[in-house]
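Student: I have a new model open and would like to practise reading it feature by feature. Can we go through it together?

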Amino acid sequence: MTEVKERTPLEAVQKAREIWLNAIKQSDLDEVERLYRWALSSKKIIETDDDGGSGRPKKKAKQGHCGLDRSDYINASEKFALLLCQSGRCKKAKKGLASIGFTCRLAKRVLDYPDGSKESDDSPKADHKQQKAPPCTIVDNFLSQAELERLQSVFESTTSNYWTSHNYAVEPPSPYFSYVLSLEQIETNGFGFIGELIQKVLHCPQLAEKFPKLPNTRYVEMWAHNRPHASGHQLHFDSDDEGRG
């Protein structure tokens, strides 16, 4: 392992992000935290002559935001706070977030949700009849094996034509893009495999039950992402909001 002291604070932050985006085990995340902690606690040291070149001993002074410029400092602080929140330490992230101007954040149940595989039948559960129905639904086994494999051939590899043709990038994230198709176009031109999937959605009994207005649909929007879990996605109301703070 390369010692942190051999890096500059900026290099440590960049390395932390690289490891985080490719993390596969807890030790990777531990290293990410170590690098962020060091970078955010380091101090940029500058040497100056006592009187501008008099030959007197030089003084050492601390300068800047922990050795990072303001923009890099805020970005690293945000990432470090997210890491804390995602690992059950939301309270520890509060002070750091407040110091860079945050007044609110997503709830713990969003940032640090439980692993469903660890839940048992004996675990306490709320009365589902009293819970408000969620605005979305999941349909198990909606795709056939052949349909799934075809989609995988298009989207699974980060070097596939769909991503390269759109200059898709994870960091920094590439601009958002999507396709909007009218059902009139689909009914007239078919649109091949995508058209078949859209028709399958429109005629799915589970979806028709969940969304009674589904038959009134006039347009379909389609988009896809291929990002590591740590890259996240900006919360926004519509495409026009993307990029806003």
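Student: Which ring does the charged end of Lys 200 sit over?

Tutor: This is a predicted model, so every value here is computed from predicted coordinates. For a charge over a ring, look for the end of a Lys or Arg side chain within 6 Å of the ring centre and close to the ring normal, within 35 degrees. Here the ring belongs to Phe 142, and the charged end of Lys 200 is 5.2 Å from its centre. Arg 17 gives another case: its charged end lies over the ring of Trp 20, at 5.4 Å from the centre.

Student: And ring against ring? How many aromatic pairs are there?

Tutor: Check the distance between centres, then the angle between planes; over 60 degrees counts as edge-to-face. The count is seven aromatic pairs. Take Tyr 168 and Phe 177: their centres are 6.5 Å apart and their planes make an angle of 85°, an edge-to-face pair.

Student: Are those two residues buried or exposed?

Tutor: The cut-off for buried is under 20% relative accessible area. Tyr 168 is buried because its relative accessibility is 15%, and Phe 177 is buried too because its value is 18%.

Student: Which residues form a cluster with them?

Tutor: Phe 155, Tyr 162 and Trp 163 join Tyr 168 and Phe 177 in one aromatic cluster.

Student: Let's move to helices. How do I read one, say α1?

Tutor: Start from the repeat: an α-helix has 3.6 residues a turn, so residues three or four places apart point the same way. Then list what is buried. In α1 that gives Pro 9, Ala 12, Val 13, Ala 16, Arg 17, Ile 19, Trp 20 and Leu 21. These buried residues pack against α2 (26-41) and α3 (70-86).

Student: What should the length of α1 be?

Tutor: With 13 residues at 1.5 Å a residue, the expected span is 18 Å, and the end C-alpha atoms are 19 Å apart, so the two agree.

Student: Can you pick one residue in α1 and show me its surroundings?

Tutor: Try Ala 16, which sits in α1 (residues 9-21). It counts as buried because its relative accessibility is 0%. Setting aside residues up to four places away in sequence, Ala 16 touches Val 32, Leu 35 and Tyr 36. You can also take a C-alpha distance: Ala 16 and Ala 39 are 23 residues apart along the chain, and their C-alpha atoms are separated by 9.7 Å.

Student: What does Ser 77 in α3 touch?

Tutor: Beyond its neighbours within four places in sequence, Ser 77 of α3 contacts Leu 40 and Ile 100. Ser 77 is buried, since its relative accessible area is 10%.

Student: Now pockets. What lines the second largest pocket?

Tutor: For a pocket, ask for the volume, then the lining, then the elements that supply it. The volume is about 790 Å³. The lining has 19 residues, with Val 201, Val 220, Glu 221, Met 222 and Trp 223 nearest the centre. Elements giving two or more residues to that lining are α6 (145-155), α9 (192-202) and β4 (219-222). The largest share, five residues, is from α9.

Student: Finally, how do I sum up the whole chain?

Tutor: Count elements, then look at burial and contact range. The chain has 10 helices and four strands, in the order α-α-β-β-α-α-α-α-α-β-α-α-α-β. Of its 245 residues, 24% are buried. Among contacts between residues at least 6 apart in sequence, 60% join residues at least 24 apart.

Notes. Residues are numbered from 1 along each chain as its sequence is written. This is a predicted model: local features need pLDDT of at least 70, side-chain atom pairs count only at pLDDT 80 or more; totals for chains, interfaces and linings use all residues. Side-chain values use heavy atoms; hydrogens and water are left out. Rings of Phe, Tyr and Trp (its six-membered ring) pair if their centres lie within 6.5 Å; planes under 30 degrees apart count as stacked, over 60 as edge-to-face and the rest as tilted. Buried means under 20% relative accessible area, exposed over 50%, partly exposed in between (1.4 Å probe, protein chains only). Contact means heavy atoms within 4.5 Å. The expected span of a helix is 1.5 Å times one less than its number of residues. On a 1 Å grid over the protein atoms alone, a cavity is a set of points where a 1.4 Å probe fits but cannot get out, and a pocket is an open set with protein on both sides within 12 Å along at least five of seven lines; lining residues have an atom within 4 Å of a point. Grid points are joined across faces, edges and corners, and a volume is the space filled by probe spheres set on the points.
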